[in-house]
Amino acid sequence: MEKSPAFTLEELCHQTVMLVEQVGEFITGQLGQVEQGQIETKSLNSLVSYVDTTAEQKLIAGLQAILPQAVFRTEEETIAPAEGEWCWIIDPLDGTTNFLHQLPCFAISVALAKGQQVVLGVVQEINRRETFWAWKAGGAFCNGRPIHVSTTNTLAESLVSTGFPYYDFSRLPAYLEALTYLMQHTRGIRRWGAAAVDLAYVACGRYDAFFEYALNP
């Protein structure tokens, strides 16, 4: 007989929400404090500062306390990746370029996978202090209120979000073709610069659709 876990996904989710909101407070406190010499370029148009790495370390420490047996897959690789049944997937600051330019819309994104299936997710859009969360078979919420996707069923009435290619331009012609079509056949297109927020806004019905290529977990 399979042994029942000593925790529920709902309990894990609520603990993760509290941790993410604490780290969000740290990030808020650093807005406008990063100097040019403290910014590094990881790859083409991919920036990182001590805020990203420190936030990631804070998340890792907190998540290790919540679920000690889990391994990690992280954006800034402040901990070595490993194989395990449970895996936290972390982007400590999605929208780093926005953050460094003091533009609104950047977020913390944390997910928990069991095997190949994501079973829990938390995204905090830091500027509006909106925290989105969900766990498998438990529904989805924003600041404690149930959310659901849009009921719009025509493209002409849809508001669509996208992310511009910024390092991988291999599919640029096809992307521009799609962008051109959607400009002409939707209510409008928006680009925030933080895919985790785009996806959360689809989940709560603010956007009707989102598309982007070359994203990572």
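Student: Starting with α4, which residues are exposed on the other side of the helix, away from its buried ones?

Tutor: P173, E177 and Q184 are exposed there. Exposed means over 50% relative accessible area, buried means under 20%, and partly exposed is in between (1.4 Å probe, protein chains only). This is a predicted model, where local features need pLDDT of at least 70 and side-chain atom pairs count only at pLDDT 80 or more, while totals for chains, interfaces and linings use all residues. Residues are numbered from 1 along each chain as its sequence is written, and side-chain values use heavy atoms, with hydrogens and water left out.

Student: OK, and which α4 residues are buried?

Tutor: Y175, L179 and L182. They sit on the same side of α4 because they cover an arc of only 70 degrees around the axis; the arc is that of the directions from the helix axis to the C-beta atoms.

Student: What covers them?

Tutor: The cover includes β10, β11 and β12, with contact meaning heavy atoms within 4.5 Å. Helices (H or I, at least four residues) and strands (E, at least two) are DSSP runs, numbered from the N terminus.

Student: How are those three strands arranged?

Tutor: As an open sheet with parallel pairing, in the order β11-β10-β12. The edges are β11 (188-190) and β12 (209-211), each pairing on one side only. Strands pair if DSSP finds at least two bridges between them.

Student: How many bridges for β10 with β12?

Tutor: Three, in the parallel sense, with β10 covering residues 159-162. One residue to look at is S161, whose bridge partner in β12 is F210.

Student: Which way do the helices run over that sheet, relative to β12?

Tutor: α4 (residues 172-185) lies across β10, β11 and β12, at about 155 degrees to β12. α5 (residues 195-203) lies across β10 and β12, also at about 155 degrees to β12. Axes are lines fitted to C-alpha atoms, for helices over the stretch in contact, and angles run from 0 to 180 degrees between N-to-C directions.

Student: New topic: α1. What span should that helix have?

Tutor: Its 22 residues (9-30) should span 32 Å at 1.5 Å a residue, and the end C-alpha atoms are 31 Å apart, which agrees. The expected span is 1.5 Å times one less than the number of residues.

Student: Which α1 residues are buried?

Tutor: Among them are L12, C13, T16, V17 and F26. Their cover includes α2 (50-66), β4 (86-94) and β5 (107-114).

Student: And what happens just after α1?

Tutor: G32 takes a positive phi of about 80 degrees.
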